[in-house]
Amino acid sequence: MKLIGLAGWSGAGKTTLLAKLIPCLSRRGIGVSTLKHAHHRFDVDTPGKDSWVHREAGARQVLVSSGNRWALMTELRGAPEPELRELLGHLAPVDLVIVEGFKRTGHPKIEIHRAANAKPWLHPEDPAIRAIAGDVRPPLGLHPALPWAHLDDVEAIADLALAHAVPIDAW
């Protein structure tokens, strides 16, 4: 299994890009899983459904299974948030894991940048950023050696992801 991250400020287009990047990689025969970091309280369960009732009643884990999919939810109940390495250990083997978020973790990443956000570039402060995908090129002098692709060029971004992904065990 190999790992690459997509890091950028909220609104940069990470999720929109992933929705295009996953099918692009799949057409190339690459099996992809994703791991997304959320900075806020989120819920993947519907209030009132059995699994929600189990979780709200205090269950630490709730596994829901059907003929189409299964999902495992774990409540931390005050325990610290697991590190990225631990979370990766819960994934089934696949060719490539794309991590969305975890922008402060040291795994290899592609910076996703949108000029309209008016946010600073991440790569000058993060040596783990190996490439950039943006709607503009980074200003000269920031880090001209990093490969760049336009946000609309999904094939080029797929090439960057595959070129800069590292084996999970090596990271």
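**Salt bridges and the largest pocket**

A salt bridge joins the side chains of Arg55 and Glu75, with an N to O distance of 3.0 Å. Arg55 belongs to helix H2 (residues 50–56), whereas Glu75 sits in the loop between strand E4 (70–74) and helix H3 (84–88), so the pair ties together parts that are 20 residues apart in sequence. The model in which this contact is found is a predicted one.

The two partners differ in their accessibility class. Arg55 has a relative accessible area of 5% and is therefore buried, the cut-off for that class being under 20%. Glu75, with a relative accessible area of 24%, is partly exposed.

Arg55 also meets a second acidic side chain, that of Glu56, in a salt bridge (3.6 Å, N to O). Glu56 is partly exposed, at a relative accessible area of 43%. These contacts belong to a network of salt bridges that links Arg55, Glu56, Glu75 and Arg77. Side chains of opposite charge can pair when their charged atoms come close.

In total, the structure holds seven salt bridges. One of them is formed by the side chains of Asp159 and Arg28, at 2.8 Å from N to O. Asp159 is part of helix H4 (residues 154–164), and Arg28 is part of the loop between helix H1 (14–27) and strand E2 (32–36), so this salt bridge ties together parts that are 131 residues apart in sequence. Asp159 counts as partly exposed, with 43% relative accessibility. Arg28 is likewise partly exposed, its relative accessible area being 33%.

The pockets of the model were examined next. Rolling a probe the size of a water molecule over the atoms shows where empty space is left. The volume of the largest pocket is about 1600 Å³. Its lining consists of 31 residues, and those nearest the centre of the pocket are Phe42, Leu72, Met73, Thr74 and Leu87. Elements E2, H2, E4 and H3 each give two or more residues to this lining. The largest share comes from E4, which supplies five residues. By residue class, the lining of the largest pocket comprises 15 nonpolar, seven polar and nine charged residues.

Two of the elements that give two or more residues to the lining, H2 and E4, also appear in the description of the Arg55 and Glu75 pair: Arg55 lies in H2, and the loop that holds Glu75 runs between E4 and H3.

Key. Residues are numbered from 1 along each chain as its sequence is written. This is a predicted model: local features need pLDDT of at least 70, side-chain atom pairs count only at pLDDT 80 or more; totals for chains, interfaces and linings use all residues. Side-chain values use heavy atoms; hydrogens and water are left out. A salt bridge is a side-chain nitrogen of Lys or Arg within 4 Å of a carboxyl oxygen of Asp or Glu. Helices (H or I, at least four residues) and strands (E, at least two) are DSSP runs, numbered from the N terminus. Buried means under 20% relative accessible area, exposed over 50%, partly exposed in between (1.4 Å probe, protein chains only). On a 1 Å grid over the protein atoms alone, a cavity is a set of points where a 1.4 Å probe fits but cannot get out, and a pocket is an open set with protein on both sides within 12 Å along at least five of seven lines; lining residues have an atom within 4 Å of a point. Grid points are joined across faces, edges and corners, and a volume is the space filled by probe spheres set on the points. Ala, Val, Leu, Ile, Met, Phe, Trp, Tyr, Cys and Pro count as nonpolar, Asp, Glu, Lys and Arg as charged, and the others, Gly among them, as polar.
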